Amino acid sequence: MFYDKEYDIIVVGAGHAGCEAALASARMGCSVAIFTMNLDNIALMSCNPAIGGLAKSHIVKEIDALGGEMARNTDRAGIQFKVLNKSKGPAVWALRVQCDRQLYRLSMKAVLESQNNIDIKQGMVEKVIVEDGKVKGIETNLGIRFRSKALILTTGTFLRGLIHIGLTSIPAGRAGEFPSTGLSVCLEELGFKLGRLKTGTPPRLDAKTIDFSKTIPQYGDDPPKPFSSSTEKIINPQIPCYITYTNPMTHRIIKENLDRSPLYTGRIHGIGPRYCPSIEDKVVRFADKERHQIFLEPEGLETKEYYANGISTSLPVDVQIALIRSIPGLEEAEMMRPGYAIEYDFVPPTQLKPGLETKLVDGLFHAGQLNGTSGYEEAAAQGLMAGINAALMIQGREPLILGRAEAYIGVMIDDLVTKGTKEPYRMFTSRAEYRLILRQDNADLRLREKGYRVGLFSEEEYSKFIQKKRMIEEEIIRLKETRIKEHEGPPVSLSQILKRPEVCYEDIERIYPSKRLQPSDARLQTELKEQVEIQIKYEGYIKRQMEGVERFRRLEEKKIPYDFNYRGVKGLSKEVIEKLEEVKPISIGQAGRISGVTPAALSILLIALEKSKREETGNEAFRFTP
């Protein structure tokens with residue numbers, strides 16, 4: 001049977017990607033239905049109870065700048081806020097927020113429930129309905145069909161999910177939840193290639209049985225600095241995390257039981273995350289290390305459950321207990337939940353367009369771990385972009401595609417659709433070529449206008465942003481134009497003085513205060529001063545990086561038609577043709593980032609495009625500018 005209501009967009013999955021996708025589409029005026037297997041697990045933090053960290057905080061700030069919800073929800077649920085790398089340059093500053101796991105879930109659920117244009121449905125989606133290469137809706141395991149013009153799949157680890165604890169394997173999407181098998185079969189029948197990945201989670205411990213006197217407390221910043229630019233103040237109590245370490249005894253226990261590890265007995269076939277390996281993997285791969293750090297994270301204000309970050313494992317339960325009790329502070333620890341590994345299907349993301357719509361099926365979008373990524377933040381960013389682009393498609397508008405020089409989100413999506421991934425993809429600052437201009441502090445200056453243009457900010461919100469931007473620009477002009485005489489030398493500008501390593505903006509302000517940077521909002525005042533100081537102190541470096549951005553932009557502007565015939569280009573190797581046909585790059589710049597596409601192949605392609613353009617326009621004078 002068909003449900004009696006048709007939707008513009010259906011979102012499958014209500015994790016971090018699904019929530020952002022549904023909210024973005026609904027806020028842009030589309031009717032949305034979001035499906036989840038369990039209404040009580042919306043926005044569940046399946047792994048560690050924290051948001052942000054190195055490079056990931058940049059993504060969260062960008063989500064906020066575009067009009068997404070993750071930053072605001074993190075502020076509502078945060079119980080420890082800490083800026084990492086503060087002793088280094090601003091390009092690598094990173095905010096990490098410990099969250100109350102249940103408060104995060106309930107808060108996001110409340111946002112979804114109160115959002116106009118969204119219907120929330122509990123159900124298992126088994127089939128994608130496609131007619132003439134276009135999405136028409138979905139079918140649940142109860143045989144009910146729902147019509148839609150677009151569909152966003154955000155299935156997380158649920159596609160043919162398989163949990164491993166020792167030599168025991170349990171079909172599950174995550175602990176205590178059923179896997180989804182029908183969708184995997186449906187995607188294969190539609191012609192999609194599927195792969196297999198693996199991730200894992202550590203044991204959860206009872207705080208009553210932890211001796212915290214043997215650990216090192218880690219406190220947050222005081223006062224805490226919010227994630228979202230719209231958050232005025234953090235109101236939750238703030239509590240510490242704790243550090244302890246493994247030791248040779250822990251490592252011996254693990255090595256003696258590798259024959260019971262599914263990772264080392266061949267039971268696990270999926271490829272795991274290189275940068276977040278299990279403790280057994282760390283002990284084997286880094287045999288020279290005498291200890292590995294464990295970060296004990298509180299799961300919330302109203303629970304005694306602690307997340308033992310650093311000992312993700314799929315070893316049997318008895319081995320998990322033994323290795324835990326070999327660790328200082330955990331000698332008497334009781335395990336509340338065992339750690340486990342989970343394998344799941346993903347769809348290699350080279351099958352996507354840059355707007356996250358699939359190449360095979362019009363109107364079908366993929367986001368989150370389905371695309372091979374790892375992490376709440378990466379998933380949420382993809383969900384936001386998929387939601388925006390699905391809505392833009394329905395509205396007959398061009399997709400929003402962020403460039404590598406515009407956002408970490410742009411770097412991530414370009415990496416995925418251009419290069420693909422064979423292991424869970426995680427964002428790092430080193431992945432961004434232009435990280436000095438892609439700082440977390442200037443995310444709104446880079447992206448707020450784009451969020452406003454697609455319809456995710458009101459006129460009032462956008463006016464406040466324009467005012468902030470103007471105040472920064474006017475203050476920088478004042479500092480450059482105000483000159484003072486020092487000793488016997490020639491007059492120097494205040495901006496030149498501020499560039500000196502030993503001088504900060506507050507030093508300038510004490511002697512030459514500005515009337516421009518005096519808003520009533522104390523937090524905004526701090527942000528303005530920080531932004532002025534960064535832009536002036538790093539002006540030379542930023543200018544040089546912007547020159548590189550301009551060269552990059554010229555390559556991105558050389559567009560390649562989606563249906564371009566690569567096989568008709570003489571001189572391209574079979575391997576290069578196959579890679580170009582698989583990715584279908586939208587520009588020469590993107591083509592150059594495909595593994596195996598050489599500079600020589602790019603030159604041949606440029607000549608072919610020039611010839612094709614001349615033939616189309618009849619303009620013999622047409623030339624691409626090198």
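**Entry 1: the largest cavity**

I began with the lining of the largest cavity and asked which element gives the most to it. The helix is α15, with four residues. I keep in mind that this is a predicted model.

How much space lies in the largest cavity? I noted about 220 Å³. With the threshold set at 30 Å³ or more, the count comes to one cavity, and I had no others to work through at that threshold. Two or more residues of its lining come from each of α2 (56–66), α11 and α15.

Next I listed the lining itself, which has 20 residues. Nearest the centre of this cavity I found K61, Q440, D441, R523 and E527. By class I wrote down 10 charged residues, six nonpolar and four polar.

**Entry 2: the second largest pocket**

I then turned to the second largest pocket, where the volume is about 1,100 Å³. Its lining holds 44 residues, and G403, A405, E406, K450 and V549 are the ones that lie nearest the centre. The elements giving two or more residues each are α9 (376–394), α10 (408–419), α11 (443–454), α12 (459–481), α15 (522–537) and α16 (539–556).

Which of the elements gives the most to this lining? I found that α16 does, with six residues. For the chemistry of the wall, I logged 21 nonpolar residues, 14 charged and nine polar.

I also checked for elements shared with Entry 1. Both α11 and α15 give two or more residues to the cavity lining, and α11 and α15 are again on the list for the second largest pocket.

**Entry 3: a three-stranded sheet**

I looked up the strand order in an open sheet of three strands and read β3-β5-β4, with antiparallel pairing. Why is one side of β3 and one side of β4 left without a neighbour in the sheet? β3 (50–52) and β4 (78–84) stand at the edges and have a single partner strand each, so nothing in the sheet flanks their other side. From one strand to the next, the twist averages 20 degrees.

I followed one pairing in more detail. Strand β5 (residues 94–99) and β3 are antiparallel and share three bridges. Across from I51, I found V97 of β5.

**Entry 4: two helices**

Here I took helix α3 (residues 70–77) against helix α4 (residues 101–114). Their axes are 9 Å apart and the packing angle is about 130 degrees. That angle makes α3 oblique to α4. I also looked up the handedness, and α3 passes α4 in a right-handed crossing.

**Entry 5: β10 and its partners**

My last stop was strand β10 (residues 162–165), which runs antiparallel to strand β11 (residues 168–171) and is joined to β11 by four bridges. Opposite H164 I found S169 in β11.

Which residue of this hairpin takes a positive phi? I noted G166, near 65 degrees, in a hairpin with two residues between the strands.

β10 also pairs with strand β19 (residues 340–346), again in the antiparallel sense, over three bridges. Looking for the partner of L162 in β19, I arrived at E343. I closed the entry with β10 bridged to β11 and to β19.

Definitions and conventions: Residues numbered from 1 in each chain as written. Predicted model: local features only at pLDDT ≥ 70, side-chain atom pairs only at ≥ 80, totals over all residues. Heavy atoms only, no water. 1 Å grid on protein atoms, 1.4 Å probe; cavity = no way out; pocket = protein on both sides within 12 Å on 5 of 7 lines; lining within 4 Å. Points joined across faces, edges and corners; volume = space filled by probe spheres on them. Nonpolar A, V, L, I, M, F, W, Y, C, P; charged D, E, K, R; others polar. Pairing = 2+ DSSP bridges. Axes fitted to C-alpha atoms, helices over the stretch in contact; angles between N-to-C directions. Parallel < 35°, antiparallel > 145°, perpendicular 65-115°, else oblique. Left-handed = near helix turned anticlockwise from the far one by under 90°.
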